Amino acid sequence: MCQLTGLWYFDVKNNSLTGNIPPSIGNCTSFQVLDLSYNQLSGEIPFNIGFLQVATLSLQNNKFTGRIPSVIGLMQALAVLDLSCNRLSGAIPPILGNLTYTEKLYLQGNMLTGSIPPELGNMTRLHYLELNDNQLAGHIPPELGKLTDLFDLNVANNYLEGPIPDNLSSCVNLNSFNAHGNKLNGTIPRAFKKLESMTYLNLSANHLKGPIPVELSRIGNLDTLDISTNKISGPIPSSVGDLEHLLKLNLSNNHLFGSIPPEFGNLRSIMEIDLSSNHLSGPIPQEFGLLQNLMLLQVENNNLSGDITFLTNCLSLSTLNVSYNNLFGDIPTANNFSRFTPASFIGNPGLCGYWFGSQCQSSQVPVRATISKAAILGISLGALFILLMILVAACKPHNPPTFSDGYLHKPITNISPKLVILHMNMALHVYDDIMRMTENLSEKYIIGYGASSTVYKCVLKNCRPVAIKRLYSHYPQCLKEFETELETIGSIKHRNLVSLQGYSLSPLGNLLFYDYMENGSLWDLLHGPLKKKKLDWVTRLRIADGAAQGLAYLHHDCSPRIIHRDVKSSNILLDKDLEAHLTDFGIAKSLCINKAHTSTYVMGTIGYIDPEYARTSRLNEKSDVYSYGIVLLELLTGRKAVDNECNLHHLILAKAANNAVMETVDPDIASTCGDLGAVKKVFQLALLCTKKQPADRPTMHEVARVLSCFAEPCFPQSTKPPPLPSAKSSYINEYAGIKNQAVLTCTASQSSSSDAQLFLKFGEVISQNSV
């Protein structure tokens, strides 16, 4: 294997490989990426692995034992080192601090011992430092404060002790800090107020003491604050109510006293509040009734008083525990409040429940009544009859009840919806992470609206953005079928298709996660109110070519083939390099190869819908070709498909009849294109794609081949392009009239004489009178 000198990317993850890594691995000096993760490999990591100059070394989720070889600290090219979830032991080699180019260091889920080396503070480019779930002891080294680019620091579930160093406040880009489950003591550093980028802070299950610092309210982006199971004392600062982006607040199992601040009513995004097992007193603030997103409220084991009727206004509430306080009054039943069991309310002598045997009901004095002997006899006979009926029913065969799909799909509201990951970019994320990062899909993260969805932007833990499409449709009835289609779509990979990275289907919302495209849609650039970028001719050709390549892949290279059904400029997204990516083929159906798919419901967008499909409801891939032809006309003219009741296709057909199509060319093309003959040919190709009869239209494979030729110089250096014909007849028959293949043949690397034959074939169709 190492003799393959051109092999630089070696990725065998997610297999069932066993055995050891051979010492000869050090001879594979051409490797730049070595990924052996998620296998069953065992033994020690060989010393010779240090001879590699890889940028990525991924050995996670295997069964490696022994120590981390110190020689890894000499692999200066490493950008990612992932040894997590193995059985490695011993200390973390201090020499790892020499890896000054490393951005990600994952050592979690091993049996590492000793202290955290202060030398790790020299890894100044580090973004992720994951040391959790080991057996590390000692202090958190203050030197980590030198990691000013650090984004995520996780030291949870170790044996660390001592105070949290103030120096960590110098990590100004820190987004997440998790120190759960250690033996840390001292107070929460007030200097944390400098960490304005932090969204996640978990210091739970330690020995921290002192008050909750008022300065924490300065961390304006915080969405999760968990300091539970410590020795925190004093009142809850009212300034906690200033954390307007907070989604989860857990202050349970401490020594807090005083009242709950009414400023909690300002936490309009909050989903979970846990204040249980403290010494809080006074009423639960009426302002809690304003928290429409609140799903969990736990305040048990305090000294709270007052009534709770206002909590019926918390319509999202699915988990409630107010037990063992001094609350009083009636337990409400409005807004389905009766779904909470008696266990949610016990230990409050003054609360009157709606269930038999509650405190109030048992305290009522029974009314004594005199019953006659005849009545007693009647009751006894009735009871005997009922008992006989029960015995008869018990002897009959029992058939289990049949439940409807609607019953089976009823949500379990106190469990977070499942997030299905289809792309490694979203690995290690769960549904709650997404809600935390987008503040429960807050409006400020919206980047677009569509006819069927709202689109949000979310920046993942790895700093990479994704687009979240929240569908307007209800929870699908055929859930399994929909999931199967999403799995199929997620497996489709092409450079000109937007990848589906994951999805979450639940009554709380149907979410699809896609690649994020920096430059929005083609519609935005052509017709949007800002029109930030001018598109020159070369860029438009490249966009047309990319979209055609993506659509051709769906039609010809997928198995089963896929019809898009809604090709339009707003479904062509552009990345930072303005390369086209086709999106929204989630509604596409599998294409039967033997016959066209028939549907009574016409899908698509006005202006792009194939008239023949609209007339017959018979759908095949040529319907996509028609829609794509309209997109080509948009690119050529800069006009909308339909604008003020003016149909772009009808306009171009009228201009073509008078040989005046070039009058409609976008001025940005005319000023940047040196050969308007190429523009004219693309006009003709667009008209060919929009021919009335589907059989007369080319396939997307043919369209892509032609556009690939246009996107590169098609003319030999010794051959000038032919002059533009002026006569009407020569315009209609231009392709058919060209016999010189040298004029049409692209560079050798792009195509062959078959492209010239393709042009001639197109010309024969164009020359027919049905244009």
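A salt bridge is taken here as a side-chain nitrogen of Lys or Arg within 4 Å of a carboxyl oxygen of Asp or Glu. In this predicted model, the pair Asp577 and Lys576 satisfies the criterion, the closest N and O atoms being 3.4 Å apart. Because the threshold for an exposed residue is a relative accessible area over 50%, Lys576, at 59%, is classed as exposed. Under the salt-bridge rule, the count comes to 16 salt bridges.

One of these contacts connects the side chains of Lys13 and Asp11, with an N to O distance of 2.6 Å. Both partners fall in the intermediate accessibility class: Lys13 is partly exposed, at 24% relative accessibility, and Asp11 is likewise partly exposed, at 29%. The pair does not stand in isolation, as Asp11, Lys13 and Asp35 are joined into one network by salt bridges that share partners.

A further salt bridge is formed between the side chains of Lys248 and Asp432, at 3.0 Å from N to O. This contact links distant parts of the chain, the two residues being 184 residues apart. Lys248 belongs to strand 21 (residues 248–250), whereas Asp432 lies in helix 4 (residues 431–437). With a relative accessible area of 24%, Lys248 is partly exposed. Asp432 also counts as partly exposed, its relative accessibility being 22%. Since buried means under 20% relative accessible area, the value of 22% places Asp432 outside the buried class.

Key: Residues numbered from 1 in each chain as written. Predicted model: local features only at pLDDT ≥ 70, side-chain atom pairs only at ≥ 80, totals over all residues. Heavy atoms only, no water. Buried < 20%, exposed > 50% of the residue type's maximum accessible area, 1.4 Å probe, protein only. Helix = DSSP H or I, 4+ residues; strand = E, 2+ residues; numbered from the N terminus.
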